[in-house]
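Grab your favourite viewer and work through a few exercises. Try each task yourself before you read its solution.

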Amino acid sequence: LRGFLLLQSSGINAEYGGGLEGRVEKLEAENAHLFNVTNILAKRLAELEKVLDGQTVTAAVPVVASKPAAKPAAKPVEKEESDDDFGFGESDEDDAPKGESEMQKMKRLAAEKKAADAAAKKDKPAPVLKSNVVLDIKPWDDETDLQAMEKAVRAIKMDGLTWGDSKLVEIGFGIKKLRISTCIIDELVGLYDLEDNITELEDYVQSVDIVSHNKI
């Protein structure tokens with residue numbers, strides 16, 4: 001049997017010209033390569049598991065810590081010379097209370113300005129308001145003495161009342177009315193009071209009408 005197997009083996013080797021041995025060597029080389037790759041993958045997997053577990057893996061290449069970039073030296077600020085440096089003036093901030101914030105300073109200055117404006121306004125006299133008033137004074141009839149009526153009207157005296165120009169205006173049926181202008185100080189003369197004083201001249205005056213009232 002042994003001789004038979006040797007005979008067959010020698011026959012196969014002769015038939016294939018040694019090709020089987022070459023294939024076996026090739027398979028052994030591929031097997032060795034796969035074994036190396038498997039070892040490398042197993043090592044990488046172990047390192048990955050350490051990282052996931054919170055363990056630090058030492059790198060093969062040392063990492064050089066980078067130094068922070070040095071900041072450029074600050075350029076000294078040149079102080080501008082002012083009159084204060086020579087004692088020619090004092091700053092308003094010297095009058096401000098110590099520890100006063102900027103907002104408190106603004107409020108204080110605003111309050112001081114408001115008080116100063118109020119004092120100046122109080123000292124300033126209020127303007128005198130005047131009005132120009134034109135009145136129509138109607139007599140009872142055409143027999144009324146218009147000159148005497150005008151004289152009686154102008155005889156009315158009131159503080160702040162100044163009589164102006166006058167003229168006679170035709171009403172109808174030979175009757176005329178007296179149109180007279182006045183200048184009054186609004187705070188001193190009331191128009192209703194002036195009308196009442198004129199209508200009290202019952203011997204001459206029937207009615208009084210305000211033709212115009214304009215501020216001066």
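Here come the exercises on this predicted model, each with a worked solution.

**Exercise 1. Work out how many helices and strands the chain has and the order in which they run.**

Step 1: count the elements. The chain holds 5 helices and 4 strands.

Step 2: put them in order. Starting at the N terminus, the pattern reads α-α-α-β-α-β-β-α-β.

**Exercise 2. Find what share of the residues is buried, and what share of the contacts is long in sequence terms.**

Step 1: take burial. Of the chain's 216 residues, 15% count as buried.

Step 2: look at the exposed area. It comes to about 18400 Å², and carbon and sulfur atoms supply 55% of that.

Step 3: turn to contacts with a separation of 6 or more. Residues 24 or more positions apart make up 65% of them.

**Exercise 3. Work out which strands pair with which, and in what sense.**

Step 1: start from β1, which covers residues 130-139. It's joined to β3 (residues 175-185) by 8 bridges, and the two run antiparallel. To check this in your viewer, find Leu135 opposite Ile180, and Val134 with its bridge partner Ser181 in β3.

Step 2: look for another partner of β1. Strand β4 (residues 205-215) pairs with β1 over 9 bridges, again in the antiparallel sense. Here Val133 has His213 as its bridge partner.

Step 3: go back to β3 and pick up β2 (residues 161-172). These two are antiparallel as well, with 9 bridges between them. Val169 is partnered by Lys177 in β3, and Lys167 by Arg179.

Step 4: chain the pairings together. β2 pairs with β3, β3 with β1, and β1 with β4.

Step 5: don't skip the turn. The hairpin of β2 and β3 has 2 residues between the strands, and Phe173 takes a positive phi near 60° there.

**Exercise 4. Decide whether β1 is largely enclosed or not, then examine Ser131.**

Step 1: count burial along the strand. Since 7 of the 10 residues of β1 are buried, the rest of the structure largely encloses it.

Step 2: zoom in on Ser131, which sits in β1. Its relative accessible area is 0%, so it's buried, the cut-off being under 20%.

Step 3: check its polar side-chain partners. The Ser131 side chain makes a polar contact of 2.7 Å with the side chain of Asp186. A polar contact of 3.2 Å links it to the side chain of His213.

Step 4: list its other company. Setting aside residues within four places in sequence, Ser131 touches Thr182, Cys183, Ile184, Asp186, His213, Asn214, Lys215 and Ile216.

**Exercise 5. Place Thr144, and say whether it is buried or exposed.**

Step 1: locate it. Thr144 falls in the loop between β1 and α4 (146-154).

Step 2: apply the cut-off. With a relative accessible area of 13%, under the 20% limit, Thr144 is buried.

Step 3: see what surrounds it. Not counting residues up to four places away in sequence, Thr144 touches Pro139 and Tyr204.

Step 4: add the backbone. The nitrogen of Trp140's backbone is 3.5 Å from a polar atom of the Thr144 side chain.

**Exercise 6. Find which residues form a nonpolar surface patch, and classify Leu48.**

Step 1: name the members. The patch consists of Leu45, Leu48, Val51 and Leu52, which together have about 410 Å² of accessible area.

Step 2: place Leu48. You'll find it in helix α2, residues 19-52.

Step 3: classify it. Leu48 has 48% relative accessibility, between the 20% and 50% cut-offs, so it counts as partly exposed.

**Exercise 7. Find what Glu195 touches, and how its C-alpha is placed relative to that of Ser207.**

Step 1: locate Glu195. Its home is helix α5, residues 191-199.

Step 2: list contacts. Leaving out neighbours within four places in sequence, Glu195 is in contact with Val208 and Ile210.

Step 3: take the distance. Glu195 and Ser207 are 12 residues apart along the chain, with their C-alpha atoms separated by 8.8 Å.

Conventions
Residues are numbered from 1 along each chain as its sequence is written. This is a predicted model: local features need pLDDT of at least 70, side-chain atom pairs count only at pLDDT 80 or more; totals for chains, interfaces and linings use all residues. Side-chain values use heavy atoms; hydrogens and water are left out. Buried means under 20% relative accessible area, exposed over 50%, partly exposed in between (1.4 Å probe, protein chains only). A polar contact is a pair of N or O atoms within 3.5 Å; within protein, one must be able to donate a hydrogen and the other to accept it, and residues adjacent in sequence count only if both atoms are side-chain atoms. Contact means heavy atoms within 4.5 Å. Patches are made of residues with over 30% relative accessible area and no salt bridge: like charges are joined within 9 Å, nonpolar side chains (Val, Leu, Ile, Met, Phe, Trp, Tyr) within 5 Å. Accessible areas come from the Shrake-Rupley method with a 1.4 Å probe; for residues, only the protein chains shown count as cover. A salt bridge is a side-chain nitrogen of Lys or Arg within 4 Å of a carboxyl oxygen of Asp or Glu. Two strands pair if DSSP finds at least two bridges between them.
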